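Open the model in your viewer and keep a selection prompt at hand. The stops below each give something to select and say what is there.

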Amino acid sequence: MRKHAVIPFILSAGLIASAPLAQAANNLVFCSEGSPAGFDPGLYTTGTDFDAAAETVFNRLTQFERGGTAVIPGLAEKWEVSADGLVYTFHLRPGVKFHSTEYFTPSRAFNADDVLFTFGRMLDKEHPFRKAYPTEFPYFTDMGMDANIAKLAKLDDLTVQFTLNAVDAAFIQNLAMSFASIQSAEYAEQLLKAGKAADINQKPIGTGPFVFSRYQKDAVIRFKGNPDYWKPEDVKIDNLIFSINTDASVRMQKLKAGECHVTLNPRPADLDSLAKDPNIQMPSQPGFNDGYIAYNVTHAPLDKLQVRQALDMAVNKQAIIAAVYQSAGQLAVNGMPPTQWSYNETIKDVAYDPEKAKALLKAAGVAEGTEITLWAMPVQRPYNPNAKLMAEMLQADWAKVGIKAKIVSYEWGEYLKRSKAGEHDAMLIGWSGDNGDPDNWLGTLYGCDAVDGNNFSKWCFEEYDSLIKAAKRTTDIDERTKLYRQAQVILKREVPITPIAHSTVYQPMRKNVQDFRISPFALNSFYGVSVGQ
């Protein structure tokens, strides 16, 4: 790829807006929806964080094909699995270069030491780097990988071996997920010696298609195309710019004005005008997502099943889908979408019944006027395009059965941090699948291992948990499907969540953007993408 002069860093999103950049064929501006909490993918669980780091700066041992769920080689060229399903041997791609920046120049190519550092830090709380920069790795632990990886060994510079305690049917898919992005052991050692271990989360170094340049919170992130990328045909952009705009209407205005090339999460109310704009294309696909209410079962009165049942049947889902999702939503019944294999289509939703809800609350001893908090997300997501409106509608629904809901919200990073700590009573949240495996829903969101992470209901139910763990420990698809279908029956019966909707994903972009592919995992990837004249 021919390398062009780098445009000086723009300090303000407003300055980006002052001159349309759609004319610059080697620039791509992405109007993103929020500031990342950091740039170390292992620490986070949201698309905002992954878009800004995992999908730009980093690679993984395995990776998903663009726009699909199939796993293909990444930093590992190939791998073998032992007959008992417990030993995975990865053969690493030779000659892959880590990024050179003003703050780091690598002295060697990627090798096994980098894999050992990346996963060793997640596995060992006494790891020197983790002690210098105390962190947790929520995805890694939510999926039980910390307990299941028994040994990680370097066989030679280009061969590593993982030994598991038990079969994990989704192990290869899990390693393709954003949290498993490979870090530079050499860079980590440099930071450790300098007493600046935390810089790994602010000044990232990876092997990916784009090199991190600058970041100003709530304004802009700048990346440069990586001239040394191991797959050079994937780097067609010289300057990738994230223009951060939390307001969906502002993002759409900038797209129409040519001030950004690609954006995300349009409001349903904007779909018609976007579709009519001759300069805009708007590909769409059924969403691999689920928007839901999570009930914190450790807080009274939500610790009582009758109360959760009452709140569930008091929700007028059809009214919410009509108002919040408009033409872009379908009723959610289960804790994962119907496009996920092993979905249990025999489960039916509970009917909307405020009078029965009142009776259940009375039987549970809940006094009329009881107050609970209802947390509303501050950001738009494909699974929830307008959490504020949804919260207001839920507030009205629950008021009809005698429950007073106080709506609470925080900045997105704080919202997640506080809710993972269990401060909420009920909250609006959702999920877009990460790897195409049922465990990514039924384990990651509702399993006991995830109680301190993405299990916002804090629900740990032994009967359910034993089923999903058994399903993960066999590679027999028919057996896995049977176990997951049984688990969904329990999830519906015990009501730790109220599923609301699955939404269609729309991805508005300028007509001159070429070969952008919608991710089923709600990520935004710009490798392989170009901008025409």
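The model is predicted. Start by selecting glutamate 33, which is buried at a relative accessible area of 4%. Add arginine 381, also buried, with a relative accessible area of 8%. The two form a salt bridge, and their closest N and O atoms are 2.8 Å apart. In sequence the partners are 348 residues apart: glutamate 33 sits in the loop between strand E1 (27-32) and helix H2 (47-52), and arginine 381 in the loop between strand E16 (370-375) and helix H14 (387-399).

**More salt bridges**

The count for the structure is 28 salt bridges. Next, select lysine 154 and aspartate 113, a salt bridge with its closest N and O atoms 3.0 Å apart. This one also links distant parts of the chain, from strand E6 (residues 149-156) for lysine 154 to helix H3 (residues 112-123) for aspartate 113, 41 residues apart. Lysine 154 is partly exposed at 35% relative accessibility, and aspartate 113 is partly exposed at 29%.

Move to helix H15 (residues 412-420) and show arginine 418 and glutamate 414, which are four residues apart, so about one helical turn separates them. Why does that spacing matter for direction? An α-helix has 3.6 residues a turn, so residues three or four places apart point the same way. Here the two side chains form a salt bridge, with 2.9 Å between the closest N and O atoms. Arginine 418 is partly exposed, with a relative accessible area of 25%; glutamate 414 is partly exposed too, at 27%. For a network, select Arg66, Asp515 and Arg517, which are joined by salt bridges that share partners.

**The largest pocket**

Stay with H15 and turn on a surface. H15 gives the largest share of the lining of the largest pocket, six residues. The space in this pocket is about 930 Å³. It is lined by 39 residues, and those closest to its centre are Leu43, Tyr44, Gly413, Leu416 and Lys417. Besides H15, the elements that give two or more residues to the lining are H3 and helix H5 (138-142). Colour the lining by residue class: 15 residues are nonpolar, 10 polar and 14 charged.

**Aromatic rings**

How many aromatic pairs does the structure hold? There are 33. Select tryptophan 341 and tyrosine 484 for an edge-to-face pair, with centres 6.4 Å apart and 70° between the planes. Tryptophan 341 lies in the loop between strand E15 (329-331) and helix H13 (354-363), whereas tyrosine 484 is in helix H18 (residues 477-494), 143 residues away. Is each ring's residue buried or exposed? Tryptophan 341 is partly exposed, since its relative accessibility is 29%. Tyrosine 484 is buried, at 0% relative accessibility.

Then select Phe30, Phe39, Phe212, Tyr215, Phe223, Phe242, Phe516 and Phe526, a cluster linked by ring pairs.

**Helix H9 and the residue after it**

For the last stop, select helix H9 (residues 248-256). Its buried residues include Ala248, Ser249, Arg251, Met252, Lys254 and Leu255, so charged residue names appear in this list beside Ala, Met and Leu. Step just past the end of H9 to glycine 258 and check its backbone: phi is positive there, about 80°.

Technical notes. Residues are numbered from 1 along each chain as its sequence is written. Side-chain values use heavy atoms; hydrogens and water are left out. Rings of Phe, Tyr and Trp (its six-membered ring) pair if their centres lie within 6.5 Å; planes under 30 degrees apart count as stacked, over 60 as edge-to-face and the rest as tilted. Buried means under 20% relative accessible area, exposed over 50%, partly exposed in between (1.4 Å probe, protein chains only). A salt bridge is a side-chain nitrogen of Lys or Arg within 4 Å of a carboxyl oxygen of Asp or Glu. On a 1 Å grid over the protein atoms alone, a cavity is a set of points where a 1.4 Å probe fits but cannot get out, and a pocket is an open set with protein on both sides within 12 Å along at least five of seven lines; lining residues have an atom within 4 Å of a point. Grid points are joined across faces, edges and corners, and a volume is the space filled by probe spheres set on the points.
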